[in-house]
Amino acid sequence: MGEDRRQAARAPEVERVRIRLTINGEARGFEVAAGRRLLDLLRDDAGLIGTKEGCGAGECGACTVLLDGKPVTSCLVLAASCDGHAVTTVEGLGGSPGTMHPFQRALVTHGGVQCGFCTPGVAVTGAAILAGGHQPAEGARLLAGNLCRCTGYEKIFSALEAAAEEVRRDE
Amino acid sequence: MDVPVQRVVRPRTLDEALVMLAEQPRSRPIAGGTDLMVQLRDGRRSADTLVDLDGLDLAGVHEVDLGVEIGAATTMDAIARHPLVRRRWPALAEAAALVGAWPIQCRATLGGNLANASPAADAVPPLLVADAAVRLASPSGERTIALERFFRGPGTTVMAPGELIVAVLLPAPSAGRVVERFVKVGPRREQIISMVSLAGRAVVSADGTLHDVRVALGAVAPIPVRARRVEAHLEGRRPDAATRREAAARLQADIAPIDDLRAPAAYRRIAAAVLLDRFLEACHG
Amino acid sequence: MTSHLEPVPGPLGGRHPRIDAAAKVTGSTRYVADLALPGMLHAALATATVASARVLGVDTAAARAHADVVAVLTAADVPANSIGVIFGDQPLLVTDRVRMVGDRFALVAARTAEAAWTAARLVGASLEELPGVFDPVAAVADDAPLVNGASNVFRTFHVQRGDTAKQAKRAAVVVEAEYRVGGQDHAYLEPQGCLAIPEGRERITIVASCQCPFYIQQGVASVLGLPLAAVRVEQAPTGGGFGGKEDYPTEPAACAALLAWHTGHPVRLIYPRELDLQATTKRHAMVVRHRWGADRAGRLRFAEVETFMDAGAYVGLSTVVAERANVSAIGPYHVGAVRVATHVVYTNNLFGGAFRGFGAPQVTWAAEATMDKLATRLGMDPVELRRVNVLDDTRRTICTGQRLRTPVLAREVLDRAVELAGWDGFRAAPPAADGAWRHGMGVSLVLYGCNLHWGGQRLDRSSAVVILQADGSVVVRVGLTEMGQGNLTACQTVAAAALGVDPSQVQVWQPDTTTVADSGPTVASRGSLMSGRAILDAVRRLRVRLDPVAAELLGCRPGEVELAGGFARVAGSPERAVAMQAVAKEMSARRIETIATGWHRTKARRFDPATGQGAPYEFYAMACHVARVAVDPGLGIVRVEEVTAAHDVGRVLHRDALEGQIHGGVVQGMGWGVSEELRLDRGRLVNPNFTDYVIPTSADAPRITIALVESDSEAGPCGAKGIGEPSFIPTAAAVRNAVCDALGVEVDTLPLTPPRLVEALGERHPFAWVVEAATRPATEHEPATVGPRA
């Protein structure tokens, strides 16, 4: 009986897939399990722990990253599907190490950060809003996928407006 | 944590994909994955092999002879922003912008929304009022089926094993003064599964009578439904108070809502009546 | 003074960047799920999915046989199998009886998280289901199934003041009501998690997402049978708490500690969101019964309140929550006679625990609803009725008989909020319906007792350590935690102000139980107050050694030294100054002790628990919220458009953090009021996800206008009072009153979901008739079909 159980309990063979993708501007290669999520690839394989897991079901937005420039919840993205694509995480928003994106700076100076767990996702979506030419007023709708339980969103909105102003000035 | 699948294959062409789906036992196609990844995680759907459609060229809105064809892999975000869709099928554009939140809309595909076959799928009522058809492919060829005949029940469709949604066809809308709306009801404004949704479309004649009236609802039956009794009643009538009241009564036979954790059946009946009434009021204006 | 005021000079009341913001916004802050160690194992829990059953056996063979599993533990493996915070009514792992969904059968440690959770699902428990009880009123019936012990009523708290029967005779109107106030999940964005690191069989370190490292220290020491000194708890950066990381994290910490103890490996336990929603503590659901009366002039003559608090299957902190609910039941009003009874009732529902407001929001919701009902019956404006009864400097005795210290600012916060919200104009000329939307405005007041209740006085102390580094920078350690509310920044601000240095010179590090003494829990809006006072004490002690050195460098007497602007200087002669850096360097050179400890405890108070008379809290903060809503009566949808929040805050420590607390409290309060519903089916949560447990998104956030009523409070550091909880408590009640104003019906059940509002309208809803029409015999209508015929 013990042996039977052992057989039954053994996990089925999971194939591994080789993928190449660009993460924060750098070409990277990985060999991952077929069922790997992009979120786990980033956190566990690439060591980019800035992307957070808050629900694992695409409901909270803490794992938001840019995939070819578009915000996506990385807990719902199959890593294998990212072969040949470009991913930007919160660590890469500023373009180079030690540099912050204007929205990240604005979140700091406008008090838009509290517990910080939603913050990487908020920063990524906010950067996409600004890059996509949206008006800051659309922020309320476009940020709705990034749940925040601390700030009441008010100072995130102020930060988005301030960053939009900065981006406009720089253009 | 990884989702429990054993293999991912990445076809380069549609034909390759169809062969893989046919040959690999317990295989499923995956595009955006926004529904499937959660279902795999929770064991609500399972697969040994995922056939990743990313390498196929199935995205895009293309004008065809009789209307447009929207590729199955077109994202909700792309649909919501597409100028032609916004102009000619505004209810669809509106609904696409209300599927999940923006990061979901940037990943979720139209084909996935149909294949998932949720009674509450937001893109479906607007497609039903557009008289949309679904183009399906399999190794034995293609077939096109009216969307109204595509769903069988919650989570199930008429697709045969190995069949893949390739595109959705929208025939050119009828001419004239058209009123078209999509409204969904939920306990918050964004990122919410509909308690009830309604898409309506009607041509309003100069004398105020309605023609070619189409009404479809989500989350009020095991599948999204066209309100055929309502449509028949409204044809050629002016949507005055009496007509609207009769439409609300007839609507009740077109829908079969249940009590579930999102809303009681009684609420769904009332809310559906309100949404219909407001649509007709808009047609009256 | 409003939030738009210019910051005062120096760090106090200013807006300097939070100490933790840059690291958080770039993703470099390491939460517990971001920590991994070589050899680390992953833990998982096998939990009950039914709420009431006898346990016949637990079979772990399949789990043990699963690949990569290292250990599976059951109750037999626990040295001391009890985890209750105060009472020993909860086992860490169940033995013979399941009392709630989420009760643990077994713990698993495996090499991967996948293997651990898969194996946990393979643990087989053979159960015999037993009848359960799922309503706190039903649970007090004589024939109700017993949940945990000899009676389902665990305890009853009272307030008795005056003769309510006699006062009732003077009442012209009496309101009787029963309110059903639902629970709430904290929905912090970071799920529960911890990492246990054993050092042989001698000692253990726990790194945890938590509010109360000292609770974890005690819980783990007790379960493992270790001295407190052998358990070190370090608070990891914590992604939100709201009370949900006060009492509960001791349970996962004890689980991880046990597995680490048995395997000798570090063990990390991270809750999947579904388990976090399903198994952790909740805001208590309450049934609140009222009988309140007022005379013709609107003066409250008597108030009788009976509350049934759904404690769930284990008491946890419920008695402490009940203490606050009990004395908060009347609000900041003067009432002739008061009778309050607050019952702590066992059921087989998920257990209640700490949650922002701690019992006060539920009874405030009821009290403010009753105030509006009285106003309606009397034909008075709701604000006018409150003005007639509200406490102020001339009438400042609360229902426990405690005379409040002046200034009593309840009337001020009411007046400020009402004026800023445009109440009078709204009432005089209510906005016309805008399409489907009808408008309403509602008001709510709160009397908030700061810090811990009399019953928890023994915990009401706080420790701090201040170290002046040789370069003039400063290290601060405190025992109270940062969970997002800004405690690190508040402590930084207080230390910087006290030492006269720039905040950037002060680093406040995460709490660690080995660096400071037990400071009690980070709860009850006491974090900044208690840490701040301890820091001031430490700085005072440091200056005993610092001032003489500075005086020598300055050529003055030690008593003349003042610290400001980064300098030690001679009071009255600011040009005679020496940089703090030079003073620190000199102290270091002379080997003078540059570390100082600080301590603060609250004043002892008298209170009689039998009658609820005395001083339950040391001091109070008042708040008033006015909500303006739009309601679509056809669909029952509520949009909270604006909340005006007036708060009695003492003095502002850090303006952004303070405003952030108010913004967050308002939105969380709004969510509780309108959309967040714990849907329990025989004790099991059927919406354990963020799709169906609906918290507000950015699209739902109202405009929030803040009015700060400042005063010099003696209680907190630099005059500050707590803000964490008062920011939450009034919102849902103000929203409820606004919705009822818009709809013209009374709704006495929280939350105000669309189906509930449509149901409340009843036959007044223009389409109510369709429900009956749909069930008419088929002769009148064809039978419904569910779709096209294929």
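**Exercise 1. Is Asn451(C) buried or exposed, going by its relative accessibility?**

*Solution.* Before starting, keep in mind that this is a predicted model.

- Step 1: find the residue. Asn451(C) sits in the loop between β16 (438-449) and β17 (461-468) of chain C.
- Step 2: look up its relative accessibility, which is 3%.
- Step 3: compare that with the cut-off. Buried means under 20% relative accessible area, so Asn451(C), at 3%, counts as buried.
- Step 4: check the backbone too. Phi of Asn451(C) is near 65 degrees, which is a positive value in a residue other than glycine. Most residues other than glycine have a negative phi.

**Exercise 2. Work out how Asp68(C) is placed and how far it is exposed.**

*Solution.*

- Step 1: go to the loop between α2 (61-65) and β3 (69-73) of chain C, where you'll find Asp68(C).
- Step 2: read its phi. The angle is near 70 degrees, so here is a positive value in a residue other than glycine.
- Step 3: take the relative accessibility, 35%. Partly exposed lies between the cut-offs of 20% and 50%, so Asp68(C) counts as partly exposed.

**Exercise 3. Track down two cis peptide bonds in chain C.**

*Solution.*

- Step 1: recall the usual case. Most peptide bonds are trans.
- Step 2: try the bond from Thr406(C) to Pro407(C). Its omega is near 0 degrees, and the bond is cis. Pro407(C) belongs to the loop between α11 (382-389) and α12 (410-421) of chain C.
- Step 3: move on to the bond from Leu750(C) to Pro751(C), which is cis with omega near 5 degrees. Here the proline, Pro751(C), is in the loop between β31 (749-750) and α19 (754-761) of chain C.

**Exercise 4. Describe the surroundings of strand β10 (residues 203-208) of chain C.**

*Solution.*

- Step 1: ask how covered the strand is. Five of the six residues of β10(C) are buried.
- Step 2: take one pairing. Strand β9 (residues 193-199) of chain C runs antiparallel to β10(C), with six bridges. As an example, Cys194(C) has Ala208(C) as its bridge partner.
- Step 3: look at the turn. β9(C) and β10(C) make a hairpin with three residues between them, and Gly200(C) in the turn has a positive phi of about 55 degrees.
- Step 4: take another pairing. β10(C) pairs with strand β11 (residues 231-235) of chain C in the parallel sense over five bridges. There, Ile204(C) has Val231(C) as its bridge partner.

**Exercise 5. Lay out the strand order of an open four-stranded sheet in chain B.**

*Solution.*

- Step 1: write down the order, β11-β12-β13-β14 (chain B), with antiparallel pairing.
- Step 2: pick out the edges. They are β11 (177-185) and β14 (225-226) of chain B, each pairing on one side only.
- Step 3: turn to β12 (residues 196-204) and β13 (residues 210-218) of chain B, which are joined by seven bridges. In β13(B), Val215(B) is the bridge partner of Gly200(B).

**Exercise 6. Judge how compact chain C is.**

*Solution.*

- Step 1: take stock of the secondary structure, which is 20 helices and 31 strands.
- Step 2: compare sizes. The radius of gyration of chain C is 28 Å, close to the 28 Å that the globule rule gives for 790 residues, so chain C is as compact as a globular protein of that length.
- Step 3: add the burial. Of the 790 residues of chain C, 65% count as buried.

Conventions: Residues are numbered from 1 along each chain as its sequence is written. Chains are lettered from A and ligands numbered from 1 in the order in which they are written. This is a predicted model: local features need pLDDT of at least 70, side-chain atom pairs count only at pLDDT 80 or more; totals for chains, interfaces and linings use all residues. Side-chain values use heavy atoms; hydrogens and water are left out. Helices (H or I, at least four residues) and strands (E, at least two) are DSSP runs, numbered from the N terminus. The radius of gyration is taken over C-alpha atoms; the globule rule is 2.2 Å times the number of residues to the power 0.38. Buried means under 20% relative accessible area, exposed over 50%, partly exposed in between (1.4 Å probe, protein chains only). Two strands pair if DSSP finds at least two bridges between them.
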